[in-house]
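Biologist: Could you walk me through one part of this model, the aromatic contact and the helix packing around it? I'd love a connected account that I can follow while turning the structure on screen.

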Amino acid sequence: MNFSQLNAIFLVVAALIFAAALWRSRRRYVVVIAVAISILVLVVLTVIFDNVMIASGLFDYGGHTLNGLRLGLAPIEDFAYPVGGALLLTGLWTMFARRETQ
């Protein structure tokens, strides 16, 4: 299994949980805007810090497990984690948060 396949599984599960939570939410617009801003910030930070860490030699990836697309030195597969994390955590928070009584 390569990183793209693993990321696809992770992103599908995260997106399904987020969609289910969004369906139950009364404030869909606010949740979507908040998640979009969070994803944007996380992706920008991932671009910056992954490139710094890879350039400084802290870690490297095995080339046979990557699809070859990169943003700077960071493989495109690295960006599934912040996107999936934002979707998954927001979905779980929205599902399990106590509903407002008003």
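Modeller: Let's start with Tyr-81, which is partly exposed, with a relative accessible area of 36%. Please keep in mind throughout that this is a predicted model.

The structure holds one aromatic pair. Its partners are Phe-10 and Tyr-81, with ring centres 6.4 Å apart and 45° between the planes, so the pair counts as tilted, since stacked would need under 30 degrees and edge-to-face over 60. Phe-10 belongs to helix H1 (residues 3-24) and Tyr-81 to helix H3 (residues 80-96), so the pair ties together parts that are 71 residues apart in sequence. Like its partner, Phe-10 is partly exposed; its relative accessible area is 28%.

From the rings, let's move on to the core. The largest nonpolar core has eight residues: Ala-14, Phe-18, Leu-22, Val-31, Val-35, Ile-39, Ala-86 and Leu-87. Two or more of these residues come from each of H1, helix H2 (28-55) and H3. This fits a familiar pattern: in soluble globular proteins, nonpolar side chains tend to be buried together.

Leu-87 is a handy residue to centre your view on. Leaving aside neighbours within four places in sequence, Leu-87 is in contact with Ala-14, Ala-15, Phe-18, Val-35 and Ile-39. There is also a second, separate core of five residues, and Ile-54, Tyr-61, Leu-66 and Ala-74 are among them.

Next to Leu-87 in the core list is Ala-86, which lies in H3. With a relative accessibility of 8%, Ala-86 counts as buried. Beyond residues up to four places away in sequence, Ala-86 touches Ile-39 and Leu-42. If you like checking distances, try Ala-86 and Ile-37: they are 49 residues apart along the chain, and their C-alpha atoms are separated by 9.9 Å.

Those contacts lead us to how the helices cross. The axes of H2 and H3 come within 9 Å and cross at roughly 150°. That angle is over 145 degrees, so H2 counts as roughly antiparallel to H3. The crossing of H2 past H3 is right-handed. On the H2 side, the contact is made by Val-31, Val-35, Ile-39, Leu-42, Val-43 and Thr-46. On the H3 side, Pro-82, Val-83, Ala-86, Leu-87, Thr-90 and Thr-94 make it.

Now bring H1 back into view. The axes of H1 and H2 also come within 9 Å, crossing at roughly 145°, and this crossing too is right-handed. Here Phe-18, Leu-22 and Trp-23 of H1 meet Arg-28, Val-31, Val-32 and Val-35 of H2. Val-31 and Val-35 are worth highlighting, as both also take part in the contact of H2 with H3.

For another link between H1 and H3, look at Ala-21, which is found in H1. Ala-21 is buried, with a relative accessible area of 2%. Apart from residues up to four places away in sequence, Ala-21 touches Gly-91, Thr-94 and Met-95. Thr-94 came up earlier, on the H3 side of the contact with H2. For a sense of scale, Ala-21 and Ile-76 are 27 Å apart, C-alpha to C-alpha, with their positions 55 residues apart in sequence.

To finish, let's follow the chain into H3. Asp-78 is placed in the loop between strand E2 (74-75) and H3. This residue counts as buried, at 9% relative accessibility. Not counting residues up to four places away in sequence, Asp-78 touches Thr-46, Asp-50 and Tyr-61. Tyr-61 belongs to the second core, while Thr-46 is one of the H2 residues in the contact with H3. Asp-78 and Val-47 are 31 residues apart in sequence and 9.0 Å apart in space, C-alpha to C-alpha.

Thr-46 also leads to Asn-51, another residue of H2. Asn-51 is buried, with a relative accessible area of 16%. Setting aside neighbours within four places in sequence, Asn-51 is in contact with Thr-46, Leu-71, Gly-72, Leu-73 and Ala-74. Ala-74 is one of the residues in the second core. As a last distance to try, Asn-51 and Val-35 are 16 residues apart in sequence and 24 Å apart in space, C-alpha to C-alpha.

Definitions and conventions: Residues numbered from 1 in each chain as written. Predicted model: local features only at pLDDT ≥ 70, side-chain atom pairs only at ≥ 80, totals over all residues. Heavy atoms only, no water. Phe/Tyr/Trp six-rings, centres within 6.5 Å; stacked < 30°, edge-to-face > 60°. Helix = DSSP H or I, 4+ residues; strand = E, 2+ residues; numbered from the N terminus. Buried < 20%, exposed > 50% of the residue type's maximum accessible area, 1.4 Å probe, protein only. Core = buried A, V, L, I, M, F, W, Y, C linked by side-chain atoms within 4.5 Å. Contact = heavy atoms within 4.5 Å. Axes fitted to C-alpha atoms, helices over the stretch in contact; angles between N-to-C directions. Parallel < 35°, antiparallel > 145°, perpendicular 65-115°, else oblique. Left-handed = near helix turned anticlockwise from the far one by under 90°.
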